[in-house]
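Work through the exercises below with the coordinates open. Try each task before reading its solution.

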Amino acid sequence: MTHRGPVKFGVVGTGGMAGAHARAMAEIPGVKLEACADVDGGRAETFAAEHGFAQHTTDNARVFEGCDAVSIVTPDRFHAELTLAALRAGAHVLCEKPLTVTLAEARKVSKAAQLASQRGQVHMINFSYRNSAAFHKAQQLVASGKLGQVRHVYGRYLQAWLATDVWGPWTRPQWLWRLQTSAGSGGVLGDVGCHILDFITGIAGDVDALRCSLSTHAKRAKGEADGVTEHGWKKLDANDTATIELSFTDGGDGVAHATRWAGGLANSVGLMVFGTEGSLAIDLDEGYHRLRVLTGKARHSASKIGDWKVLDLKPTPSIYKRFVKSIKTGDNDQPDLLRGAQVQAYLDACERSAADGGSKKKVLKWC
């Protein structure tokens with residue numbers, strides 16, 4: 001089903017990330033910023049004025065029913081409920097990551113998304129590192145067999161904000177809730193682990209089993225020599241470091257690492273894939289559109305590190321642009337909500353493994 005005329009866009013949740021959605025959508029031709037909603041009416045009003053939305057409300061249903069397409073940009077624990085409501089209302093949906101906080105919720109959303117697809121509704125999840133042209137080129141290289149059989153993969157997502165005040169102190173509301181399970185946080189695993197797991201498996205292939213260890217360290221605070229484990233009478237108990245061993249469906253293995261303690265790196269995402277016929281490396285600190293490749297005779301260079309070829313690629317359309325294009329053409333691009341459910345299954349296996357002392361766990365069905 002194709003869409004004719006302007007795409008009336010709405011957003012539910014008007015926190016920090018919602019601004020990124022609004023700004024991106026405002027730049028796309030044929031998109032009209034129609035309505036925004038928040039439980040805090042004053043915040044919704046301010047957000048509407050700042051970004052130019054025609055309406056603001058505290059009633060989510062008004063957004064779902066009055067808009068063609070909506071972004072769900074609330075805290076993680078509300079994603080499932082709101083995404084299901086938006087799909088039932090007939091809206092096209094772009095959900096922030098992670099899709100849900102449990103695999104059971106993800107399965108419900110997956111089922112609803114499949115039914116919505118049959119009605120012509122588009123749905124996507126905002127795994128934003130797919131905005132990297134390097135991701136798509138690497139995906140093509142692996143799928144084409146240019147690297148041969150994948151033998152080993154290493155992926156990292158390293159943040160610094162618990163080690164330094166790179167983005168301001170961790171006690172700010174936008175960071176503090178990420179440290180508290182009572183606020184619905186899945187820790188570094190749920191927050192950025194979902195990104196690196198999508199990045200790795202989107203390129204190197206699916207994972208059918210894994211091991212995971214999770215750590216939670218005392219936070220640094222002024223005047224507290226030994227660190228703190230509570231703030232405002234609430235426990236700082238969400239994991240802040242995750243190490244994951246991956247077993248790929250096609251036989252390779254790999255490691256994924258995520259932490260908030262990487263002082264000096266700010267927000268560093270990278271991936272290396274080693275195959276029987278070649279290797280590739282992505283370091284998003286070098287730019288979203290640069291890929292290093294090692295294939296053919298270059299693999300046998302006298303240099304100890306090989307003769308890597310650097311590819312500077314043409315930028316790829318953002319997920320926001322691909323979401324709107326999908327609405328207009330009726331051809332649902334990736335990553336869709338089913339992909340979000342698959343990554344939730346990876347997170348579920350990680351949580352089960354960590355709870356069982358790091359034992360190997362199978363990835364369960366997500367749809």
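The exercises go from the sheet to its helices, then to helix pairs, aromatic rings and one core residue; the model is predicted.

**Exercise 1. The sheet**

Task: Find the strand order of the nine-stranded open sheet, and say which strands form its edges.

Solution:
- Step 1. Trace the pairing. The order is β18-β17-β16-β15-β7-β14-β13-β8-β19. The pairing is mixed.
- Step 2. Look for strands that pair on one side only. These are β18 (309-312) and β19 (361-362).
- Step 3. Take one neighbouring pair. β13 (residues 241-248) and β14 (residues 253-259) run antiparallel and are joined by seven bridges. Within this pair, Glu245 has Val255 of β14 as its bridge partner.

**Exercise 2. Helices on the sheet**

Task: Which strands does helix α6 lie across, and which does helix α10 touch?

Solution:
- Step 1. Start with α6 (residues 133-144). This helix lies across β7 (150-159), β15 (267-275), β16 (278-283), β17 (290-295) and β18. The angle between α6 and β17 is about 20°.
- Step 2. Move to α10 (residues 337-355). α10 packs on the sheet and touches β8 (207-215), β13 and β19. Its direction makes about 55° with that of β8.

**Exercise 3. Two helix pairs**

Task: Classify the packing of α1 against α9, then describe the packing of α8 against α10.

Solution:
- Step 1. Take the axes of α1 (residues 16-26) and α9. They come within 9 Å and cross at roughly 55°.
- Step 2. Apply the cut-offs. Roughly parallel needs an angle under 35 degrees, and roughly perpendicular starts at 65. The two helices are therefore oblique to each other. The crossing is right-handed.
- Step 3. List the contact. α1 brings Met17, Ala20, His21, Ala24 and Met25, and α9 brings Tyr320, Phe323 and Val324.
- Step 4. Check burial in α9 (residues 319-329). The buried residues include Tyr320, Phe323 and Val324. Just after this helix, Gly330 has a positive phi of about 80°.
- Step 5. Turn to α8 (residues 187-204) and α10. Their axes are 10 Å apart, at an angle of about 115°. This crossing is right-handed.
- Step 6. Name the residues that meet. Among them are Leu189, Gly193 and Leu197 in α8, and Val343, Leu347 and Cys350 in α10.

**Exercise 4. An aromatic pair**

Task: Is the pair of Tyr129 and Tyr288 stacked, tilted or edge-to-face?

Solution:
- Step 1. Count the aromatic pairs. There are seven.
- Step 2. Describe this one. For Tyr129 and Tyr288, the centres are 6.1 Å apart and the planes make 45°.
- Step 3. Compare with the limits. Stacked means under 30 degrees and edge-to-face means over 60. The pair is tilted.
- Step 4. Locate the rings. Tyr129 is in the loop between β6 (123-126) and α6, and Tyr288 is in the loop between β16 and β17. They are 159 residues apart.
- Step 5. Compare exposure. Tyr129 counts as buried because its relative accessibility is 10%. Tyr288 counts as partly exposed because its value is 31%.
- Step 6. Find a cluster. Phe9, Phe47 and Phe53 form one.

**Exercise 5. A core residue**

Task: Is Val109 buried or exposed, and which residues does Val109 contact beyond its sequence neighbours?

Solution:
- Step 1. Place Val109. It is in helix α5 (residues 103-118).
- Step 2. Read the accessibility. Val109 is buried, because its relative accessible area is 0%.
- Step 3. Leave aside neighbours within four places in sequence. Val109 is in contact with Ala80, Thr83, Leu84, Leu99, Thr100 and Leu337.
- Step 4. Add a C-alpha distance. Val109 and Leu338 are 229 residues apart along the chain, and their C-alpha atoms are separated by 8.0 Å.

Technical notes: Residues numbered from 1 in each chain as written. Predicted model: local features only at pLDDT ≥ 70, side-chain atom pairs only at ≥ 80, totals over all residues. Heavy atoms only, no water. Pairing = 2+ DSSP bridges. Helix = DSSP H or I, 4+ residues; strand = E, 2+ residues; numbered from the N terminus. Contact = heavy atoms within 4.5 Å. Axes fitted to C-alpha atoms, helices over the stretch in contact; angles between N-to-C directions. Buried < 20%, exposed > 50% of the residue type's maximum accessible area, 1.4 Å probe, protein only. Phe/Tyr/Trp six-rings, centres within 6.5 Å; stacked < 30°, edge-to-face > 60°. Parallel < 35°, antiparallel > 145°, perpendicular 65-115°, else oblique. Left-handed = near helix turned anticlockwise from the far one by under 90°.
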